[in-house]
Amino acid sequence: MKMPKDFLFGAASASYQVEGAWNEDGKGLSNWDVFSKIPGKTFENTNGDVAVDHYHRYKEDIALMAEMGLESYRFSISWPRIFPNGTGEVNEKGLEFYNNLIDECLKHDIVPFVTLYHWDLPQALEEKGGWKNKETVDAFVRFADTCFQSFGDRVNHWITFNEAVIFCSLGYLTGAHPPGIEGDVKGYFQTTHNVFVAHARAVELFKQNGHTGEIGITHVFNPAFSIDDAEENKFAEMHANAYATHWFYDPILKGEYPEYVVNGLSEQGLLPEMTEEELDVLKRTAPMNDFIGLNYYSPQRVMKNDSALVMAGGRENSTGRPGNPSFDGVYKTVKMDDKVYTKWDWEISPEAFLAGMHMLKDRYGDVKIYITENGLGDVDPIVDGEIMDTPRIEYIEGHLRAVKHAVQQGINVAGYYAWSVIDLLSWLNGYKKQYGFIYVDHNNGLARKKKQSFHWYKEIIATRAEDL
Ligand code: GCO
């Protein structure tokens, strides 16, 4: 089987991880510009001041994407480039950059898939309480409106937020991301709610103003599976899926929060403040979501947590990867002897990916799905000057095959975006953790070079994955 004609083969990036030009052309400070400069926060104190200089080299990069046959490029807009202070005056130079980027994509027949928020919050808003402050919600809606009006004539695919679970939990539970707060469980849940409301209001505005195209949100997809059939571990699985998946997907796709989590949070006094109006906007906009974006890298294997430990801070693997107890200490994620792991201890499992997509279909029906991220973080070997990233090819091949099976089994998957199109700055792992099809030589003026996987993906796209 070939993948359907309108299925999009793409690859992704995010503004802070690729652009650089952190203080050029009127851009304001982002929370990451500030946070990454606090000693010890990132690997070897790396930051995105220059990143891979996509801001100046986007033409060269898009030409390479075109050479690869890429059908769609997912990138994000840096909010402080458009509104240096988060609100107030628009920075025309910021709009100009994204106009140029979008036009360059279209020139090469590449469909731009735009993420509005991929973590680089204007610092001015962070200082006023960030996502805990509901004024940030108003500011986001205005930013979204400006983007819809400025780019909506050419952009037909919009993602409001990328991975709410990550920026909220690392921001307020483990402190690994800005604002760097640890153990504020109530704040964590409040920020997730505020983000869902911001999403819902942006979706409503988009529809009310008659913009054409699609809008949705991208969530981490990290389905939980019990390590065995023991009742207590099955309970851990149910609990993990409720808190890590349903809490995030239900308000978007069903327009209400899962009862199990609401009850649990109420008992502990952790339920976010929610107004009737906010609950109402979630309810009425749920059917307006055109798709859900999934960032899938690995599943979590869970079991009952029998120690008093709760989720702790950590730099490299602070996202519920093996060895971590959950925030409430109910379950823990574990590494299993019979599973395969990446260098960063993320399990590789296309089987769990497919099983997880079925779990989503069971709960949310035929909602359209885009795989907005999937890929392998690795340290790529260089052999005779060539970047031989065979493990990445194998990883993507396995997961694309799972997508193909999903489509054959009636799951509505409309596109696949590999993470990432080009090697970029990992938020906490510097440039050591590579994901791209395009290599960037940091010892040679950031020169670009095609990897083995570049040629492989080109062939996959050209044949519409027929041979997978
Ligand atoms: C990293 C991460 C990121 C994320 C992406 C999430 O190492 O920093 O893997 O690259 O995958 O930003 O949307």
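**Group meeting: a walk through the model**

Let's start with a pairing you can find on screen: His-157 has Glu-214 as its bridge partner in β5. Before I go on, please keep in mind that this is a predicted model.

So where does His-157 sit? On its other pairing, His-157 in β4 stands opposite Phe-113. Strand β4 covers residues 157-162, and six of its six residues are buried. With β3, residues 111-117, strand β4 runs parallel, and four bridges join the two. The pairing of β4 with β5, residues 214-221, is parallel as well, again with four bridges. If you rotate the view, you can follow β4 with its partners β3 and β5.

Now over to the ligand. How many residues surround the ligand? The count is 14, and the closest are Gln-17, Asn-162, Glu-373, Ser-426 and Trp-427. You will recognise the number 162: strand β4 spans residues 157-162, and Asn-162 is among the closest residues to the ligand. By type, the shell divides into five nonpolar, six polar and three charged residues.

Let me pick out three polar contacts here. The side chain of Asn-162 has an N or O atom 2.8 Å from an oxygen atom of the ligand. For His-118, a polar side-chain atom lies 3.0 Å from a ligand oxygen. And in Trp-419, an N or O atom of the side chain is 3.1 Å from an oxygen atom of the ligand. As for coverage, the ligand on its own has 340 Å² of accessible area, and the protein covers 93% of that.

Stay with Trp-419 for a moment, please. What kind of peptide bond joins Trp-419 and Ser-420? The bond is cis, with omega at about 5 degrees. Ser-420 lies in the loop between β13, residues 413-419, and β14, residues 438-441. There is another cis bond to show you, between Pro-178 and Pro-179, where omega is also about 5 degrees. Pro-179 is in the loop that runs between α8 (164-172) and α9 (185-208).

While we are on backbone geometry, a reminder: most residues other than glycine have a negative phi, and most peptide bonds are trans. Against that background, have a look at two aspartates. Asp-109 has a positive phi, near 60 degrees, and its place is in the loop between α5 (92-107) and β3. Asp-109 counts as exposed because its relative accessibility is 67%, and the cut-off for exposed is over 50%. Asp-345 has a positive phi too, near 65 degrees, and is found in the loop between β9 (331-333) and α13 (350-364). Is Asp-345 buried or exposed? Partly exposed, because 28% falls between the limits of 20% and 50%.

One last stop, Thr-136 in helix α7, residues 134-151. With a relative accessible area of 2%, Thr-136 is under the 20% limit and therefore counts as buried. What is Thr-136 in contact with, leaving aside its neighbours within four places in sequence? The list is Trp-79, Leu-121, Leu-125, Gly-130 and Trp-131. From that list, take Gly-130: its backbone oxygen lies 2.6 Å from a polar atom of the Thr-136 side chain. Leu-125 is 11 residues away from Thr-136 in sequence, with 6.5 Å between their C-alpha atoms.

That's my tour. Thanks for listening, everyone!

Conventions. Residues numbered from 1 in each chain as written. Predicted model: local features only at pLDDT ≥ 70, side-chain atom pairs only at ≥ 80, totals over all residues. Heavy atoms only, no water. Buried < 20%, exposed > 50% of the residue type's maximum accessible area, 1.4 Å probe, protein only. Pairing = 2+ DSSP bridges. Contact = heavy atoms within 4.5 Å. Polar contact = N/O pair within 3.5 Å; in protein donor to acceptor, adjacent residues only side chain to side chain. Near = heavy atom within 4 Å. Areas by Shrake-Rupley, 256 points an atom, 1.4 Å probe, with all protein chains shown as cover. Nonpolar A, V, L, I, M, F, W, Y, C, P; charged D, E, K, R; others polar.
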